[in-house]
Structure formats: C-alpha cells, structure tokens
Amino acid sequence: MIDTHCHIDLYDSPIELADECEKMGIITIGMTNLPSHFELGYEHLRNYKKVRLALGLHPLCADLHRNEFACFLRNVDNTSYIGEIGLDFSKEGIGTKAIQTETFEEILKTLHGKKKILSLHSRKAES
C-alpha cells in the first residue's frame, strides 16, 4: 500500500503513526504545510525506509510564505518530495492570491532542473 498524501505532522502522535506505517510496510509520503514543519520532522523521520517527508508551502498559509521561504530554500535538497504546494483561490484563499502566485512561481523556479516529486494543491485555481 502507498499513501502519497498524509499530513503526519498533524496527528497527535506523529512518530507513533510513522512507526506503525513503517512496521506495516506502508510507503507513506508525509506532506507538510510549512518548511518549518518539515525541519521539525526531518531529523525524526530521515532514517525511515518507508516513510518520507515532503517539503511544503501550503497556499492557505500564504501569510507566512515570505517568512518561511528561506527555510524552504535551505531544505529543498534534503528531500525528493515537494508538497504540499500550489494555489487555492477558494473563498478561504482568494485574499492571498497574489502571494500564492508569487510563491508558487518562485518554488517552480527553484525546482527547475531538479528531480523532485511534487504534490500540488489546486482549488478553484485550475485556469
């Protein structure tokens, strides 16, 4: 079994969940909403064989993007997985459309030429 989108860090006991996935042989890609969350979990999960952590900058956290982008850059070479990134122009996210777009474009420039697996968030932003 493969779980390609699990927010491990949002569970009450993320390490217990990761241990269970590892023991059961479930390949699990842990999405993060912010690079600082990636940094918090990276040292705990870096030696797991089945559980991998993805470096994310969630569009609904756009008010934190400018403060977190340096952290994103600092960690981009620590993982093959990038997510959760993208755009959210729903009622909840439309107010930060410009920041989201700018961040997403910068992420894509940063990743250009790098071999990464991306998990994209897209809500009401398809066009």
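Colleague: Where is K124 found, and why does it count as exposed?

Modeller: In this predicted model, K124 sits in the segment after strand 5 (117-123). Its relative accessibility is 61%, and exposed means over 50%, so K124 counts as exposed.

Colleague: What is the phi of K124?

Modeller: Phi of K124 is near 55°, a positive value in a residue other than glycine. Most residues other than glycine have a negative phi.

Colleague: Which peptide bond is cis?

Modeller: The one from G83 to E84, with omega near 25°. E84 belongs to strand 4 (residues 81-88). Most peptide bonds are trans.

Colleague: Happy to move on to the helices. Why is helix 3 called roughly parallel to helix 4?

Modeller: Helix 3 (residues 65-75) and helix 4 (residues 97-111) pack at about 10°, with axes 11 Å apart. Angles under 35 degrees count as roughly parallel, so helix 3 is roughly parallel to helix 4. Helix 3 contributes H65, R66, F69, F72 and L73 to the contact, and helix 4 contributes I99, E102, T103, E106, I107 and T110. These residues divide into five nonpolar, three polar and three charged.

Colleague: How do you know that strand 2 and strand 3 pair?

Modeller: Pairing needs at least two bridges, and three bridges join strand 2 (residues 27-30) to strand 3. I29, for instance, has R52 in strand 3 as its bridge partner.

Colleague: And what makes strand 1 and strand 3 edge strands?

Modeller: Three strands form an open sheet in the order 1-2-3, with parallel pairing. Strand 1 (2-6) and strand 3 (51-53) each have a single partner strand, so one side of each is left without a neighbour in the sheet.

Key. Residues are numbered from 1 along each chain as its sequence is written. This is a predicted model: local features need pLDDT of at least 70, side-chain atom pairs count only at pLDDT 80 or more; totals for chains, interfaces and linings use all residues. Side-chain values use heavy atoms; hydrogens and water are left out. Helices (H or I, at least four residues) and strands (E, at least two) are DSSP runs, numbered from the N terminus. Axes are lines fitted to C-alpha atoms, for helices over the stretch in contact, and angles run from 0 to 180 degrees between N-to-C directions. Angles under 35 degrees count as roughly parallel, over 145 as roughly antiparallel, 65 to 115 as roughly perpendicular and the rest as oblique. Contact means heavy atoms within 4.5 Å. Ala, Val, Leu, Ile, Met, Phe, Trp, Tyr, Cys and Pro count as nonpolar, Asp, Glu, Lys and Arg as charged, and the others, Gly among them, as polar. Buried means under 20% relative accessible area, exposed over 50%, partly exposed in between (1.4 Å probe, protein chains only).
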